[in-house]
Amino acid sequence: MLDRQNYLKVKLFLKFSRDVRGRSSVQISNDFEHLKALLLWAGSQPFGSVPTINTSLSDFLFQKGEKGLDQTELQSILNTNERFFLWVKAMFPVEFQNIRLSWIMKISEISEGKEVII
């Protein structure tokens, strides 16, 4: 089951991306697809506690066996999720005070020795 507040924060981020950053409908749609991975990874845990999840987001994507996912697409998913966490930390500083910027900046790193096989 997904945490409802996580989903609402994703929707707020997409609205911000459209209204403030001027991202197109296609970009917003792609961002939502990328953030679905984050929602599935977090599951019922609130986003504020995701640094305690034992599996990194990139490892989760590998374990899910995302078929047809190439290196570029994987990096794009991770970059979108990093952007999301930077935004959420800025917009909800008290709620996300336990998430360190160093953790956020590591989201887009693909674990050592991991390759996407096409």
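A crossing of two helices is called right-handed if the near helix is turned clockwise from the far one by less than a right angle. Keep that in mind for the first helix pair below. One caveat before going on: this is a predicted model.

**The overall picture**

The chain has five helices and zero strands, so along the sequence the pattern simply reads α-α-α-α-α. There are 118 residues in the chain, and buried ones make up 37% of them. Six salt bridges are found in the structure.

**How α1 and α2 pack**

Helix α1 covers residues 4-19 and helix α2 covers residues 25-42; their axes come within 10 Å and cross at roughly 160°. Angles over 145 degrees count as roughly antiparallel, and that makes α1 roughly antiparallel to α2. As for the handedness, α1 passes α2 in a right-handed crossing.

**Salt bridges around α2**

Which residues does aspartate 31 pair with in salt bridges? One partner is arginine 23, with the closest N and O atoms 2.9 Å apart. Another is arginine 83, where the closest N and O atoms are 3.2 Å apart. That second pair links distant parts of the chain, since aspartate 31 sits in helix α2 and arginine 83 in helix α4, 52 residues apart.

Are these charged residues buried or exposed? The cut-off for buried is under 20% relative accessible area. Aspartate 31 has a relative accessibility of 2%, so it counts as buried. Arginine 23 comes in at 18% and therefore also counts as buried. Arginine 83, at 25%, counts as partly exposed.

Helix α2 has another salt bridge to look at: the side chains of lysine 36 and glutamate 33 meet at 3.0 Å, N to O. These two are separated by about one helical turn because they are three residues apart in helix α2. Lysine 36 is partly exposed, with a relative accessible area of 33%, and glutamate 33 is partly exposed too, at 44%.

Here are the individual pairs side by side:

| Salt bridge | N to O distance |
|---|---|
| Aspartate 31 and arginine 23 | 2.9 Å |
| Aspartate 31 and arginine 83 | 3.2 Å |
| Lysine 36 and glutamate 33 | 3.0 Å |

Elsewhere, Lys15, Arg18 and Asp19 are linked in a network of salt bridges. Going by the residue range of helix α1, 4-19, these positions belong to that helix.

**A nonpolar patch on the surface**

What makes up the nonpolar surface patch of about 260 Å²? The residues are Leu86, Leu101 and Met105. Leucine 86 lies in helix α4, which runs over residues 71-91, while leucine 101 is found in helix α5, residues 101-106.

To join a patch, a residue needs over 30% relative accessible area. Leucine 86 has 35%, so it is partly exposed. Leucine 101, with 48%, is partly exposed as well.

Leucine 86 also gives a handle on how the chain runs beyond α4: leucine 86 and isoleucine 99 are 13 residues apart in sequence, and their C-alpha atoms are 9.9 Å apart in space.

**Pulling it together**

Helix α4 turns up in both stories. Arginine 83 in α4 pairs with aspartate 31 in α2, and leucine 86 in α4 helps make the nonpolar patch with Leu101 and Met105. Helix α2, for its part, holds aspartate 31 along with the lysine 36 and glutamate 33 pair, and α2 is the partner that α1 passes in a right-handed crossing.

Terms used
Residues are numbered from 1 along each chain as its sequence is written. This is a predicted model: local features need pLDDT of at least 70, side-chain atom pairs count only at pLDDT 80 or more; totals for chains, interfaces and linings use all residues. Side-chain values use heavy atoms; hydrogens and water are left out. Patches are made of residues with over 30% relative accessible area and no salt bridge: like charges are joined within 9 Å, nonpolar side chains (Val, Leu, Ile, Met, Phe, Trp, Tyr) within 5 Å. Accessible areas come from the Shrake-Rupley method with a 1.4 Å probe; for residues, only the protein chains shown count as cover. A salt bridge is a side-chain nitrogen of Lys or Arg within 4 Å of a carboxyl oxygen of Asp or Glu. Helices (H or I, at least four residues) and strands (E, at least two) are DSSP runs, numbered from the N terminus. Buried means under 20% relative accessible area, exposed over 50%, partly exposed in between (1.4 Å probe, protein chains only). Axes are lines fitted to C-alpha atoms, for helices over the stretch in contact, and angles run from 0 to 180 degrees between N-to-C directions. Angles under 35 degrees count as roughly parallel, over 145 as roughly antiparallel, 65 to 115 as roughly perpendicular and the rest as oblique.
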